[in-house]
Amino acid sequence: LADKAKALGDEDGSIFRKSLERYLDSGYGECFLSRPEIAWMVVNALKFHHKKKYLLHAWMIMPNHGHILATPLPGFELRKIAHSIKSFTAHEANKMLGRTGQFWQHEIFDRYIRNREHFFNVIDYIESNPVKAGLCRSSSEWPYSSASLDDSK
């Protein structure tokens, strides 16, 4: 899907990504992450390598997808970090669910952060996701989020 968005070019790719975001926010597909024990496992996995492999700036676990904003630390590549997180969490989630097979989509939708304003806009986008999807009234109410009041990252 990420490759499809890139192949479409800037304008059509943006339209494709927005359409996919609306689809996901509507709760379609498997919603394994709506199970608290699985969502918390993913949250803890994200936090595990914070300040070791990357700086974790913002994150959000939705019922059927997740978002993170992270800066790889020197010596670490985003592609390998994403693979590590997805591999570990897929294995653990499948064990918890008593299932096998693909858990995450293969691609990642990565973005180059252009400047400070873009950085904070991305944080706002990530943390506002459950509000936009109608899952809560305030981003701080969503427990699987960097916006959560009880977050101690």
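Of the 153 residues of the protein chain, 37% count as buried. The structure is a predicted model. The accessible surface of the protein chain comes to about 9,400 Å², and carbon and sulfur atoms contribute 54% of that area. Among contacts with a separation of 6 or more, 56% are made by residues 24 or more positions apart.

The secondary structure of the protein chain consists of 5 helices and 2 strands. Along the sequence these elements are arranged in the pattern α-α-α-β-β-α-α.

Helix α4 comprises the 20 residues 78-97. At 1.5 Å a residue, a helix of this number of residues should span 28 Å, and the C-alpha atoms at the ends of α4 are 28 Å apart, so the expected and modelled spans agree. The buried residues of α4 include I81, A82, I85 and K86 in the part of the list that comes before T89. T89 itself is buried, as are A90, E92, A93, N94 and L97. Charged and polar side chains are therefore not considered apart from the aliphatic ones here, since burial is defined by a relative accessible area under 20%. Cover for the buried residues of α4 comes from elements that include helix α3 (36-48) and the strands β1 (54-61) and β2 (66-72). Just after α4, the backbone at G98 adopts a positive phi of about 65°.

Aromatic side chains form 5 pairs in the structure. In one of these, the ring centres of F103 and W104 lie 5.0 Å apart with the planes at 85°; the angle is over 60 degrees, so the pair is classed as edge-to-face. F103 has a relative accessibility of 15% and therefore counts as buried. F103 and W104 also belong to a cluster, linked by ring pairs, that includes F32.

An aromatic pair is also formed by F119 and F120. The centres of these two rings are separated by 5.2 Å, and the angle between the planes is 90°, an edge-to-face arrangement. The relative accessibility of F120 is 41%, a value between the limits of 20% and 50%, so F120 counts as partly exposed.

A ring is also approached by a charged group at F48. The charged end of K52 sits over the ring of F48, at 4.4 Å from the ring centre.

Note on methods
Residues are numbered from 1 along each chain as its sequence is written. This is a predicted model: local features need pLDDT of at least 70, side-chain atom pairs count only at pLDDT 80 or more; totals for chains, interfaces and linings use all residues. Side-chain values use heavy atoms; hydrogens and water are left out. Helices (H or I, at least four residues) and strands (E, at least two) are DSSP runs, numbered from the N terminus. The expected span of a helix is 1.5 Å times one less than its number of residues. Buried means under 20% relative accessible area, exposed over 50%, partly exposed in between (1.4 Å probe, protein chains only). Contact means heavy atoms within 4.5 Å. Rings of Phe, Tyr and Trp (its six-membered ring) pair if their centres lie within 6.5 Å; planes under 30 degrees apart count as stacked, over 60 as edge-to-face and the rest as tilted. A charge sits over a ring if NZ of Lys or CZ of Arg is within 6 Å of the ring centre and within 35 degrees of the ring normal. Accessible areas come from the Shrake-Rupley method with a 1.4 Å probe; for residues, only the protein chains shown count as cover.
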